[in-house]
Amino acid sequence: MTDVKKIKPFEKPIYVTKPFLPPIEEFAEGLQEIWDTHMLTNNGPVLQRFTRQLSHYFQTNNVCPFANGTLALQIGLQGMKISGEVITTPFTFVATTHALFWNKIRPVFVDIEPNYYTLDPEKVEAAITPWTTAILAVHVFGYPANLHTLADIARRHNLKLIYDAAHAFGVEVGGRSIAHFGDMCMFSFHATKLYHSLEGGLLTFKDSGLKSTFDYLKNFGFKSQLEVVMPGTNAKMNEMQALMGIHVLKYLDEIIEKGRQISALYRERLAAIPGIHLPPSLPEDIRYNYAYMPIEVDEKEFGMSRDALYEALKKFNIFSRRYFYPLVCDFACYRNVSVADPLMVARRVASRILTLPTYYDLHLDEVRTICDMIDHLRNR
Ligand code: T4K
């Protein structure tokens, strides 16, 4: 470790993430086509090309891009006619639950498992009632939910299985994209995501019959110029977003490889610090995307609370984040939703979690320094 007396704050702020940007000349070339055609939105040629690329990437025609992940999930739930109660996780970004709420669906929050923070299947099964229509699980931080057990529960209880895969672009399980698990998956292409299209979202789904429904719903319900077949909304991805999506996709493998190096270094350096806990290594059949770098801070062992560490890192110009704290069910707008499960694990994790900076431009030396700073703070 570096001599602690030499540790100075970073000159520029280090945020939890920083979007990857392709070389500007490459993007400018693509802009020319937009300038030539003056097509800016409404399923223009660039979005059509992007959609074909996504189809190819996921090896399915059942893909539908959207303006953002939240609208994708809202429309996905509506298009699948999900209603009543849906069992879901409180350890997620609020948008997961908002998408249910906007569809007048009651969220039933159950606990997560302690290693990778995804829905605990036993708790899911125990929460099923005659009103349950679906399970909405989250591949939080890109860690796959318990795919096989959840699929089994859904099959036995005749429930739809929907994944919020906002964090999981690029993740594969057993050599297959994570998009192939469940009845529907939503990916977010927001700027803060490992893979992005400025903003954007995508649905992948099993039932080909849903494709036209999603297409109508995101475009005001238009089937043709003179036919509106359902009360849709406006959730279209525009040409600039699609262009960014095309250009960032070319670099996906490099982005993931850099994430792997950063994660390996964090793991190596942080493993020795008492009170800093990391999720266990993933099983071999999972190709992870290294989208986030979550750690848990044990206040007793570390000698400082998670919140104190979060504040102390700011003084070094490091802006980590407490994703996902508070739990969604504790936000004012969901406090009137009754929660039967005591959410023991989720509450403990939410009080200890801290996500450290990880992004393509982050230098390995900067990672070393961040680890030294954490170690230094423990020793104060
Ligand atoms: N489901 C889950 C599980 C999700 O995590 C999300 C989104 C959704 C659904 C919904 O998908 P979208 O509708 O967003 O497609 C961010 C993102 O806005 C949000 O997309 C994301 N999850 C959530 C986890 O994080 P904030 O409010 O924490 O982001 P913000 O603006 O504080 O950005 C974090 C840091 O990133 C900044 O400190 C600086 C850096 N940054 C950010 C932006 C936007 C940049 O360097 N450049 C940028 O353009 O919500």
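# Exercises on pockets, cavities and sheets

**Exercise 1. Which residues lie nearest the centre of the largest pocket, and which elements give two or more residues to its lining?**

Solution. In this predicted model, the lining of the largest pocket is made up of 27 residues, and those that lie nearest its centre are F93, S188, H190, T192 and K193. Turning from residues to elements, α3 (69–79), α4 (94–101) and β9 (184–188) are the ones that give two or more residues to this lining, and among the elements it is α3 that gives the most, with three residues. The space inside the largest pocket comes to about 440 Å³. As a last step, sorting the lining by class yields 12 nonpolar, 12 polar and three charged residues.

**Exercise 2. Describe the second largest pocket by its volume, its lining and the elements that supply the lining.**

Solution. Begin with the volume, which is about 340 Å³ for the second largest pocket. Next, take the lining, which consists of 17 residues, with N42, N43, L47, D215 and K218 lying nearest the centre. At least two lining residues come from each of α2 (45–58), α7 (210–217) and β11 (222–224), and the most come from α2, which gives four. Finally, the classes in the lining of the second largest pocket are six nonpolar, five polar and six charged residues.

**Exercise 3. How many cavities of 30 Å³ or more does the structure hold, and which residues line them?**

Solution. The count is two cavities at the cut-off of 30 Å³ or more. The largest cavity has a volume of about 120 Å³, and 14 residues line it, of which L194, I255, T358, Y359 and Y360 lie nearest its centre. By class, this lining of the largest cavity divides into eight nonpolar, four polar and two charged residues. The second largest cavity holds about 40 Å³ of space, and its lining is formed by A166, H167, A168, F169, K193, L194, Y195, N289, A291 and Y292. Seven of the residues that line the second largest cavity are nonpolar, two are polar and one is charged.

**Exercise 4. What is the strand order of the open sheet of seven strands, and which strands are its edges?**

Solution. Reading across the sheet, the order is β2-β10-β9-β6-β5-β3-β4, and the pairing is mixed. The edge strands, each of which pairs on one side only, are β2 (63–66) and β4 (106–109). Leaving direction aside, neighbouring strands of this sheet are turned against each other by 20 degrees on average. At the β2 edge, four bridges join this strand to β10 (residues 201–205), and the two run antiparallel; within this pairing, V63 stands opposite T204 in β10. Helix α6 (residues 147–157) packs on the sheet and touches β5 (132–138) and β6 (160–164), with its direction making about 145 degrees with that of β6.

**Exercise 5. For the open sheet of three strands, work out the order and the edges, and then which residues of β17 are buried on its faces.**

Solution. The strand order is β13-β15-β17, with antiparallel pairing. The edges are β13 (276–277) and β17 (353–356), each pairing on one side only. Strand β15 (residues 293–297) pairs with β17 over four bridges in the antiparallel sense, and T355 of β17 is the bridge partner of P294. Both faces of β17 are covered, with I353 and T355 buried on one side and L354 and L356 buried on the other. One further element completes the picture, namely helix α9 (residues 252–270), which lies across β13, β15 and β17 and runs at about 20 degrees to β15.

**Exercise 6. Why can helix α8 be called largely enclosed by the rest of the structure?**

Solution. The argument needs a cut-off, namely that a residue counts as buried when its relative accessible area is under 20%. For helix α8 (residues 239–249), 10 of the 11 residues are buried, and therefore the helix is largely enclosed by the rest of the structure. The buried residues are E239, Q241, A242, L243, M244, G245, I246, H247, V248 and L249. To see what surrounds them, note that the buried residues of α8 pack against α1 (24–37), α2 and α9.

Technical notes. Residues numbered from 1 in each chain as written. Predicted model: local features only at pLDDT ≥ 70, side-chain atom pairs only at ≥ 80, totals over all residues. Heavy atoms only, no water. Pairing = 2+ DSSP bridges. Contact = heavy atoms within 4.5 Å. Axes fitted to C-alpha atoms, helices over the stretch in contact; angles between N-to-C directions. 1 Å grid on protein atoms, 1.4 Å probe; cavity = no way out; pocket = protein on both sides within 12 Å on 5 of 7 lines; lining within 4 Å. Points joined across faces, edges and corners; volume = space filled by probe spheres on them. Nonpolar A, V, L, I, M, F, W, Y, C, P; charged D, E, K, R; others polar. Buried < 20%, exposed > 50% of the residue type's maximum accessible area, 1.4 Å probe, protein only.
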